[in-house]
Amino acid sequence: MTTTAAPAPTPTDTPTLTATGVTMRFGGLTAVRNVDLTVHHNEIVGLIGPNGAGKTTFFNCLTGLYVPTEGTVAFQGTTLPPKPHLVTKAGIARTFQNIRLFANMTVLENVLVGRHTRTKEGLFSALLRGPGFRRAEQASEQRAMELLAFTGLAAKRDHLARNLPYGEQRKLEIARALASDPGLLLLDEPTAGMNPQETRATETLVRAIRSQGTAVLVIEHDMRFIFNLCDRVAVLVQGEKLTEGTSETVQADERVIAAYLGTPFEGAPGEEEAAEVAAAEARTAEEAEDNR
């Protein structure tokens with residue numbers, strides 16, 4: 001897979017993503033506090049922080065899974081509605097920390113599911129299966145196959161998703177997210193559980209996604225992956241943005257080093273508060289899963 005360098009974003013561009021003052025409380029506990037973040041066109045931004053820092057909660061606020069207690073999220077200058085399917089339709093797609101494929105569907109079928117927000121044919125057309133529906137079906141399959149070729153999975157189009165190796169399941173989840181033709185792709189720990197070779201392949205894939213015009217916001221615990229890949233890196237510590245800048249700037253920040261080493265710094269919350277926030281996040285995630 002060949003990649004090309006993307007042009008640097010300019011300050012006059014309308015940001016692809018603008019998160020302003022995002023705060024998420026669970027009862028009396030604050031998991032994310034007053035976080036601002038922008039992502040520009042053709043930019044790869046990393047979001048890092050120790051366990052329990054609120055990274056996935058912040059992602060959930062961006063994608064409509066959670067309605068922020070305070071703050072706004074805008075895509076290309078338009079405030080997003082707090083509904084996941086409308087956020088996807090607007091142009092933001094995501095993957096999850098825990099792979100969420102349709103295990104008993106084929107690789108191709110999984111990607112076709114991701115096309116539903118870009119298919120205009122309704123129930124009536126589907127029932128009649130007229131010429132318009134067949135054309136839309138063919139177009140969706142063609143686009144799905146392009147994405148499978150892009151991610152290196154075309155030869156496995158008819159394989160069940162559950163039978164793919166772990167690294168290829170991660171690729172399939174990315175292909176399904178790309179099927180909605182997003183302007184911004186959110187990746188939640190895309191290299192979790194991967195070996196070094198798979199991690200390098202994922203880095204190449206993310207750069208290729210950027211080269212096709214899709215901005216990327218990525219959460220990851222693998223610091224080498226993040227610092228090699230990202231144009232900018234933001235650091236969350238106990239729900240607050242500690243710092244933001246280039247990889248070199250972030251790596252040199254003593255507060256970041258202290259946070260990862262577990263060394264307290266001025267204003268840092270205690271372990272008890274951190275544990276309470278983590279427990280509240282887990283309860284909310286379970287409730288959301290039960291209500292699906």
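Colleague: Between which two elements is the loop that holds aspartate 181?

Modeller: The model under discussion is a predicted one. In it, helix H6 covers residues 166-178 and strand E7 covers residues 184-188. Aspartate 181 is found in the loop between helix H6 and strand E7.

Colleague: What is the approximate phi of aspartate 181?

Modeller: Aspartate 181 is not a glycine. Its phi is nevertheless positive, at about 50 degrees.

Colleague: Is aspartate 181 buried, exposed or partly exposed?

Modeller: The relative accessibility of aspartate 181 is 37%. Buried requires under 20% and exposed over 50%. Aspartate 181 therefore counts as partly exposed.

Colleague: Which residue meets the side chain of aspartate 181 in a salt bridge?

Modeller: The salt bridge of aspartate 181 has an N to O distance of 2.9 Å. The partner in this salt bridge is arginine 115.

Colleague: How many residues apart are arginine 115 and aspartate 181?

Modeller: That salt bridge joins the side chains of arginine 115 and aspartate 181. Arginine 115 lies in the loop between helix H3 (107-113) and helix H4 (123-128), whereas aspartate 181 lies in the loop between H6 and E7. The pair thus links distant parts of the chain, and the separation is 66 residues.

Colleague: Is arginine 115 buried or exposed?

Modeller: Arginine 115 has a relative accessible area of 11%. The cut-off for a buried residue is under 20%. Arginine 115 is therefore buried.

Colleague: How many salt bridges does the structure hold?

Modeller: One of them joins arginine 115 to aspartate 181, and another joins arginine 143 to glutamate 146. Glu43, Arg232, Lys241 and Glu244 are also linked in a network of salt bridges. For the structure, the number of salt bridges is 16.

Colleague: In which helix do arginine 143 and glutamate 146 both lie?

Modeller: The side chains of arginine 143 and glutamate 146 meet in a salt bridge at 3.3 Å, N to O. Arginine 143 is partly exposed at 24% relative accessible area, and glutamate 146 is partly exposed at 39%. The two residues are three residues apart, about one turn of the helix, and both lie in helix H5.

Colleague: Which residue forms a salt bridge with glutamate 141?

Modeller: The N to O distance in this salt bridge is 3.2 Å. Glutamate 141 is partly exposed, with a relative accessible area of 32%. Its partner in the salt bridge is arginine 157.

Colleague: At what angle do the axes of H6 and helix H7 cross?

Modeller: Two packed helices are described by the angle between their axes and the distance between the axes. For H6 and H7 (residues 196-211), the axes come within 11 Å. They cross at roughly 10 degrees.

Colleague: Is H6 roughly parallel or roughly antiparallel to H7?

Modeller: An angle under 35 degrees counts as roughly parallel, and one over 145 as roughly antiparallel. The axes of H6 and H7 cross at roughly 10 degrees. H6 is therefore, with respect to H7, roughly parallel.

Colleague: Which residues of H7 make the contact with H6?

Modeller: The crossing of H6 and H7 is right-handed. On the side of H6, the contact is made by Gly167, Lys171, Ile174 and Leu178. On the side of H7, it is made by Glu198, Leu205 and Ile209.

Colleague: How many of the eight residues of helix H1 are buried?

Modeller: Helix H1 (residues 55-62) is mostly covered. Its buried residues are Lys55, Thr57, Phe58, Phe59, Asn60, Cys61 and Leu62. Of its eight residues, the number buried is seven.

Colleague: How far apart in space are arginine 25 and proline 68?

Modeller: Arginine 25 lies in strand E1 (residues 17-26). Leaving aside neighbours within four places in sequence, arginine 25 is in contact with Thr30, Thr69 and Glu70. Although arginine 25 and proline 68 are 43 residues apart in sequence, their C-alpha to C-alpha distance is 7.9 Å.

Colleague: What percentage of the residues in the protein chain is buried?

Modeller: The protein chain has 11 helices and 10 strands. It exposes about 14,500 Å², of which carbon and sulfur atoms supply 51%. Of its 292 residues, the buried share is 47%.

How values were computed:
Residues are numbered from 1 along each chain as its sequence is written. This is a predicted model: local features need pLDDT of at least 70, side-chain atom pairs count only at pLDDT 80 or more; totals for chains, interfaces and linings use all residues. Side-chain values use heavy atoms; hydrogens and water are left out. Helices (H or I, at least four residues) and strands (E, at least two) are DSSP runs, numbered from the N terminus. Buried means under 20% relative accessible area, exposed over 50%, partly exposed in between (1.4 Å probe, protein chains only). A salt bridge is a side-chain nitrogen of Lys or Arg within 4 Å of a carboxyl oxygen of Asp or Glu. Accessible areas come from the Shrake-Rupley method with a 1.4 Å probe; for residues, only the protein chains shown count as cover. Axes are lines fitted to C-alpha atoms, for helices over the stretch in contact, and angles run from 0 to 180 degrees between N-to-C directions. Angles under 35 degrees count as roughly parallel, over 145 as roughly antiparallel, 65 to 115 as roughly perpendicular and the rest as oblique. A crossing is left-handed if the near helix is turned anticlockwise from the far one by less than a right angle, and right-handed if clockwise. Contact means heavy atoms within 4.5 Å.
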